[in-house]
Amino acid sequence: MTIPAIHQSYARQKSFVLAVWLLIAACLTLWSCEQSRVSPTGDAQGNTQTPAQSDVPMKPGQPGTGNAANGWRSLDDLARGRIAVMTGAAPDLYVTHTFPLAQITRFNSKADFVLALKTGKVDVAIDNDLVIRAIAKENPDLAILADDFYNTPLGAAFRKGDERRQRFDRVLETIQADGTLAEMRNRWFGDDPQIAVMPVIPTLKTGETLRIGTSIFTGLPYIALIDGQYQGFEVELMQRFAAQAGFRLEIVLMEFDALIAALAVGKIDMIVATLSITEERLAKVDFSKPYDYDRSAALVQKRNLALSALATSGQALLASPENIPASSFFDDLRASFQANFFLEQRWRLILNGLWVTVLISVTSTVFGTLLGGLICYLRMSSQSLWQRLGSGYIFLVRGLPVLLLLMLIFYVAFASFNIDPVIVAIIAFGINFSAYVSEMFRTGIESIDRGQTEAGIAIGFTPAQTFLNIVLPQATRRILPVYRGEFISLVKMTSIVGYIGVQDLTKAGDIIRSRTFEAFFPLLMVATIYFLIIWVLGLALDDLDRRTNPKARRTARATA
Amino acid sequence: MIKVEHLSKRYGAVEVLKDINAEISQGEVISIIGPSGTGKSTFLRCLNLLDTPSGGRIEIDGQDILAPGTNVPKLRQRMGMVFQSFNLFAHLTVLENLTIGPVRLRGKRQAEAEAAGTELLKMVGLAEKADHFPDELSGGQKQRVAIARCLSMEPEIILFDEPTSALDPTMVSEVLAVIRRLARQGMTMAIVTHEMDFARDVSTRVFYMDQGVIYEEGPPAELFDAPRRERTRDFIGKVRSLGYHVASADFDLYELFGQIERFCEKHALIVKIARTVQLLAEELLAIHVARPGPVDIDFVVAFSEKRRTVELRVDSAGEPGHPLENAPTPDRLGLTIIDNYAQDIAYERIGDHNRVTMRLKPA
Ligand SMILES: Nc1ncnc2c1ncn2[C@@H]1O[C@H](COP(=O)(O)OP(=O)(O)O)[C@@H](O)[C@H]1O
Ligand SMILES: [Mg+2]
């Protein structure tokens, strides 16, 4: 076969794999759209024909859901049920104390939390009532079971003894006194926070930076990323505080459960993230005066709600089945695409995330390969000290989960440096990659028989020249398949960088999900993009493979 | 051209080369013969410093190459080396194997190097294989390419380390023919080989190496037809031997039996001889380990290909005295067996140990 022919057949094979993957993706999307379309229709049939049956939950037999045969009326019906809460938030504490027999699942992202409810993985989701109402409004198949069963104060958190807390309290007092706070409440806590308009608050471009950590997953009315702008009650509060206290505001997105650690080591200066003031947290941080109260609400699938509860609950806004127009699969697909990609310029998020993912993957591969070469050199050195240093490094790095390595570098090694987390990610993944490739290099080099090295040296090459001219080209070819595999896992592994506040592709998908509460389309979209990245970057390695294949070179010469 | 004085080489406690003194002049073809494990390869590898000598002096054209500051890679360019295992560069074509050195090391232009390489391939008869890769060649072809690769660097001397030992018997002659041709052209060469006929007619001088020294040297006619020293004679008479050390009364007899069997197979001795040697070994060692004092016995089977005789030798430490004659009574049966199968049984006291020798009776 000539080179172009090889190339073509290779490309054909690749496109085939791609086509199969896209087909799978399309089927899953189809299935997910069908799913979301079927449930309300199912209810409609149930209501008109066999009401009793329609009330039976889809997955009966869960512990404690016995009452559900007649639908749930209050939270007490779920004392032994499966309850979803956000990690460490006020409902978490409340549910743990009040329903010790319940099976509690903790989520870091509200999108996952809603998804779990919609797919029946949990029976009820409990959170801040405003957030729950906003979710209920956008999801006609969900309904509120109960509300206001507890209430906790929300505050901004500071490092212990930080005098900025007093400044925050003073600003809070001022805006309370002049009515601004009430105005903000009206704006955001009304019927539909979606239509609230963020006021323009003059921001400082200079001055001392104030880094406020938050979690995007709180959602409206507190915080959301819309059209590339942060909006919501808490965002307004942050901006007002920064403007009045003379700070230049920088909002840092993090995983909710990483916030307090980040505050403690000084990665951020304060937290505004619907954080309840609890005894436990007071032991670690200082809280401002409460700026709001977290009232509770419990969300369930509407079809699990007792009919009477549905009738008496004041949710007139629940869509009736007739209002849902019958739509084709392609309409749904288009709508999903529209909602998850074009609306609010979400493609910018995706594009940005894609760039960050590719940047981290490629740079840490290059860095890790160079470092791996160095480690391999140490490991194969004749000096036992270097050898032990090399194998010690490999042993340590390989024994450590990458996530921990990432966190250790961010929170411990660079705790007191103001360093771009993207660089931290590159360092962490580079270090991880180097440990694996150095061993790969060593086996590759050792697989080239010693005789060729001796022949090279006997001809008059120096050991270094022999390595470069004789050993390296052959070793490269041998390790390429394994290297490629390791590279692919690296690309996929980068999806954890959200833990240190980097907005990569996965995080972009999460942010979109936190707005649309749609699971399947964003997940599939992100998965497809990962696949494409790996495919395209893999092509570069294939090219290297072709160029280092001596026999292909000869064929190329023959046909040239 | 090359002068070696008191060259020694040790690996840890093992002294592989003891005191090598030799001189090789321009145009000479030196064959180096000797039993395996006596340091022939090590000697060659010390000459181009692939192995670093532990002591002594090596002079090339009057220049001490062990002196610090010697440009060793430059020096190696003047000395080619052909290995038993060919060691061609697997990722390069035959022609590229011949051009990489001249281009990268001697600054030749690619076209020039390719023309010279093609000439060399013609000389070794492989011009049509120029575009092949090493794994597409037979062993004999690989070795001819390896020789051509050496020649591409235009060396002043070529060191051959058993160039035909890894080859099928059918391919040995094609490689030897190339080396003969080089000899005719006046190439200076040092060749470690087991091909005695070849060594006899190609070389100007022969070194017989044994136990880390050049034990005897001379023109081929002298060394092959009238060796002066005993071990040379044994070697030339194709005496092959198997040694086994016994350090305890509980030694592994079956391991020894296995070795005897393999030794006999290797030298095409019939099974009956192998059985007889095993039987004698068992009886001789039983008598020896039963003697008082610590057990320190060397058992040797030696087979002379020329005379087709098998000789057994037992060296044992201990008080002087013929071990077989002083044997205790229960071993009478053993002695009878020994007398049955062996002849010319002799005793000798050498230094601090006793030596018993005997020959197998002809079958
Ligand atoms: N790298 C090494 N380390 C330790 N011992 C070695 C090494 N190379 C060779 N030897 C020992 O040196 C002795 C001579 O080896 P060699 O020169 O290969 O003998 P020959 O080529 O005559 O068969 C052998 O006993 C061998 O075991
Ligand atoms: Mg050897």
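Is C150(B) buried or exposed? In this predicted model, C150(B) is buried, because its relative accessibility is 7% and the cut-off for a buried residue is under 20%. C264(B) is likewise buried, at a relative accessible area of 2%. Across all chains, the structure holds zero disulfides.

**Salt bridges**

Side chains of opposite charge can pair when their charged atoms come close. Over all chains, the count of salt bridges comes to 45. Three of these pairs are set out below.

| Pair | N to O distance | Location |
|---|---|---|
| E439(A) and R442(A) | 3.0 Å | both in helix α16 (residues 421-446) of chain A |
| D225(B) and R200(B) | 3.1 Å | helix α8 (residues 220-225) and helix α7 (residues 196-202) of chain B |
| R231(B) and D210(B) | 3.6 Å | helix α9 (residues 230-236) and strand β9 (residues 205-210) of chain B |

The pair in chain A lies within a single helix: E439(A) and R442(A) are separated by about one helical turn, because they stand three residues apart in helix α16. Both E439(A) and R442(A) are buried.

In chain B, the salt bridge between D225(B) and R200(B) links distant parts of the chain, the two residues being 25 residues apart. D225(B) is exposed, because its relative accessible area is 54% and the cut-off for exposed is over 50%. Its partner R200(B) counts as partly exposed, with 36% relative accessibility.

A further bridge in chain B joins R231(B) to D210(B). R231(B) belongs to helix α9 and D210(B) to strand β9, so this pair ties together parts that are 21 residues apart in sequence. R231(B) is partly exposed at 29% relative accessibility, whereas D210(B) is buried, with a relative accessible area of 7%.

Salt bridges may also share partners: in chain A, R159(A), D162(A), R164(A), E208(A) and D269(A) are joined in this way into one network.

**Internal cavities**

Rolling a probe the size of a water molecule over the atoms shows where empty space is left. The model contains five cavities of 30 Å³ or more, and the largest cavity has a volume of about 130 Å³. The largest cavity is lined by 15 residues, of which M86(A), A89(A), K110(A), F256(A) and T274(A) are the closest to its centre. By residue type, the lining of the largest cavity comprises seven nonpolar, five polar and three charged residues.

How values were computed
Residues are numbered from 1 along each chain as its sequence is written. Chains are lettered from A and ligands numbered from 1 in the order in which they are written. This is a predicted model: local features need pLDDT of at least 70, side-chain atom pairs count only at pLDDT 80 or more; totals for chains, interfaces and linings use all residues. Side-chain values use heavy atoms; hydrogens and water are left out. On a 1 Å grid over the protein atoms alone, a cavity is a set of points where a 1.4 Å probe fits but cannot get out, and a pocket is an open set with protein on both sides within 12 Å along at least five of seven lines; lining residues have an atom within 4 Å of a point. Grid points are joined across faces, edges and corners, and a volume is the space filled by probe spheres set on the points. Ala, Val, Leu, Ile, Met, Phe, Trp, Tyr, Cys and Pro count as nonpolar, Asp, Glu, Lys and Arg as charged, and the others, Gly among them, as polar. A disulfide is a pair of cysteine sulfur atoms within 2.5 Å. Buried means under 20% relative accessible area, exposed over 50%, partly exposed in between (1.4 Å probe, protein chains only). A salt bridge is a side-chain nitrogen of Lys or Arg within 4 Å of a carboxyl oxygen of Asp or Glu. Helices (H or I, at least four residues) and strands (E, at least two) are DSSP runs, numbered from the N terminus.
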